[in-house]
Amino acid sequence: MVTCQRFLVGMLLVATAVAIVASSSFSQTQPGHPGVVPFAAKTLPETKTERNNRMRWWREARFGMFIHWGLYAVPAGEYKGKRSEKIGEWIMEWANIPRADYEQFATRFNPVKFNAAEWVRIAKNAGMKYIVITSKHHDGFSLYDSRVSNYDVVDATPYARDLIKALAAETKRQGLKFCFYYSILDWHHPSQYVDAPGKDPTAGNGTTKMRPGGKEEYVAYMKDQLRELITAYDPAVLWFDGEWQDWWTEEDGQDLYRYVRRLKPAIIINNRVGKGRQGMAGMSKTDREYSGDFGTPEQEIPANGLPGADWESCMTMNTTWGYKSYDDKWKSAETIIGNLIDIASKGGNYLLNVGPTADGLIPQPSVKRLADVGKWMKVNGQAIYGTTASPFATQLPFGRATSKPGRIYLHVFDWPADGRLRVPSWGKRVKRVYLLTTPKHDLKSIETDDSIEVEVPTTAPDKVATVIVMDLDKRR
Ligand code: JFZ
């Protein structure tokens, strides 16, 4: 009796899978598409020096722009009058939108106001050194001209032009690094379906199931897309996501890591390619070797520095990654500057997000705050770029610190009312102390047995964070 039932369940599953495949009018061509360049079999292991050379630009950059853009900007957080506190790019999940209905948004995605030069100018002017844009998010829609899918901006939208091509060229023209976000979870690919109570099997969901034999096809599809993304747009970072599926393993992650690094040995890949990441804290577990070059805390900043670890905290400017017309919970420019300083003082990078509208504009509240951050970075950038973590064992009561060889930058948030800044000794002798903005004017300082007292102006030169430089006595 049991066997018959199991057979019936099996048949039902296959039937469902077949139904799902048929449900989407958009086909996914088979892997091995003609015209894709052959695979370069280059050995991977790299020396510490080679790794340091590969990671150098990224470690020195410290500040990047994340761009979540796609079909979800069309409903902008509302579906059939239904709104949600949930993140906008997950509308296919929380509004339980079947694949065939969600695809209709493509017919309304026409970003005629998109201006690649303006977007890159906004990032560059804010002091950002690299841009990471969603080439394909969980909804499976490709924001570039994919030759292995016609569910993309060129074949499926009235815009019908390759957005990514324009942005990649402009990013490089203005001297920033161009990078991609790519989701392993794919709510559109016929290999995956949803088996959750009350959910349409073709809607979005935190987890999907893989139909029998679907994984090989899907991995080949991903590899085809990643090859065309790398060979056509030459990204400096691959920022994977959606890896928390039970059908995705660390071995899959290691294989994909090797595949991508062999296509472009200098590329940098985050730890969401494999299974190492521990939730929102984002750093990789240590019970074994996990694939990926850097940890990815999300919407949070580690309490303390992570010496020797490469990590990057990604964060929204309001409470959504993808555009929602009604999300106005914007962080202040002061908070964003404080986060950047806090993250740099702990040896990390800050990947700050914008969610453009469907007609191609970065929301004005984001533009305004990024311009304000840029004003601070124009004056104080040297205290962020190319710095390493604070040398102080404990958190400074008045702010944070960043380091360079022979120099400490103090970032003072809470200015001493008595005009005396007390810096705990940390074993180094200070040669000179001065405001970053007045390098020729020394500030008086006296060393006590456990601190250095610096005489500072009565009012804070910068109301957000004033940088004081301490040049160290190299002799000891
Ligand atoms: C993921 C995406 O789902 C989200 O849409 C956005 O792209 C963000 C940058 O990354 O968000 C996550 C990822 C992991 C968890 C929660 C949200 N998690 O581990 O709980």
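**The cavities**

The largest cavity, where this tour opens, has a volume of about 40 Å³. The structure on display is a predicted model. To see what surrounds this cavity, select W69, G70, L71 and Y72, then T134, S135, K136 and H137, and finally D139, F141 and L143; these residues form the lining of the largest cavity. Colouring that lining by class shows 5 nonpolar, 4 polar and 2 charged residues.

How many cavities of 30 Å³ or more are there? The count comes to 2. The second largest cavity has a volume of about 30 Å³. Select E85, T319, K324, Y326, D327 and K329 to display its lining. In the lining of the second largest cavity, 4 residues are charged, 1 is polar and 1 is nonpolar.

**The ligand**

Keep H137 selected and bring the ligand into view. H137, part of the lining of the largest cavity, also has a polar side-chain atom 2.9 Å from an oxygen atom of the ligand. The ligand on its own has 440 Å² of accessible area, and the protein covers 82% of that area.

Which residues come nearest to the ligand? Of the 15 residues around the ligand, the nearest are H68, E89, W90, H138 and E298. Select H68 next: an N or O atom in the side chain of H68 is 2.7 Å from an oxygen atom of the ligand. Then select E89, which places a polar side-chain atom 2.6 Å from an oxygen atom of the ligand. The shell as a whole contains 6 nonpolar, 4 polar and 5 charged residues.

**The sheet**

Now switch to a ribbon view and locate the open sheet, which is formed by 7 strands. Following the strands across the sheet, the order is β9-β8-β5-β4-β1-β11-β10, with parallel pairing. The edges are β9, at residues 268-269, and β10, at residues 312-315; each of these strands pairs on one side only. In general, the strands of a sheet pair through backbone hydrogen bonds, in either a parallel or an antiparallel manner.

For one pairing in detail, select residues 63-67, which form β1, together with residues 349-354, which form β11. These two strands run parallel and are joined by 5 bridges. Which residue of β11 is the bridge partner of I67? The partner is V354.

**The largest pocket**

Turn next to a surface view. The largest pocket has a volume of about 740 Å³. Its lining consists of 27 residues, and those nearest the centre of the pocket are R51, E289, Y290, G292 and D293. Select α2 (48-61) and α9 (250-263) as well, since these are the elements that give two or more residues to the lining of the largest pocket. By class, the lining of the largest pocket has 11 charged, 9 polar and 7 nonpolar residues.

**The second largest pocket**

The last stop is the second largest pocket, with a volume of about 360 Å³. Among the 20 residues of its lining, R59, R62, D310, T387 and T388 are the closest to its centre. Two or more residues of this lining come from each of α2 and β12 (399-404). Which element gives the largest share of the lining of the second largest pocket? That element is α2, with 4 residues. Helix α2 therefore merits a second selection, as an element that gives two or more residues to the lining of the largest pocket too. The lining of the second largest pocket divides into 5 nonpolar, 8 polar and 7 charged residues.

Key:
Residues are numbered from 1 along each chain as its sequence is written. This is a predicted model: local features need pLDDT of at least 70, side-chain atom pairs count only at pLDDT 80 or more; totals for chains, interfaces and linings use all residues. Side-chain values use heavy atoms; hydrogens and water are left out. A residue is near a molecule or strand if one of its heavy atoms lies within 4 Å of it. A polar contact is a pair of N or O atoms within 3.5 Å; within protein, one must be able to donate a hydrogen and the other to accept it, and residues adjacent in sequence count only if both atoms are side-chain atoms. Accessible areas come from the Shrake-Rupley method with a 1.4 Å probe; for residues, only the protein chains shown count as cover. Ala, Val, Leu, Ile, Met, Phe, Trp, Tyr, Cys and Pro count as nonpolar, Asp, Glu, Lys and Arg as charged, and the others, Gly among them, as polar. On a 1 Å grid over the protein atoms alone, a cavity is a set of points where a 1.4 Å probe fits but cannot get out, and a pocket is an open set with protein on both sides within 12 Å along at least five of seven lines; lining residues have an atom within 4 Å of a point. Grid points are joined across faces, edges and corners, and a volume is the space filled by probe spheres set on the points. Two strands pair if DSSP finds at least two bridges between them.
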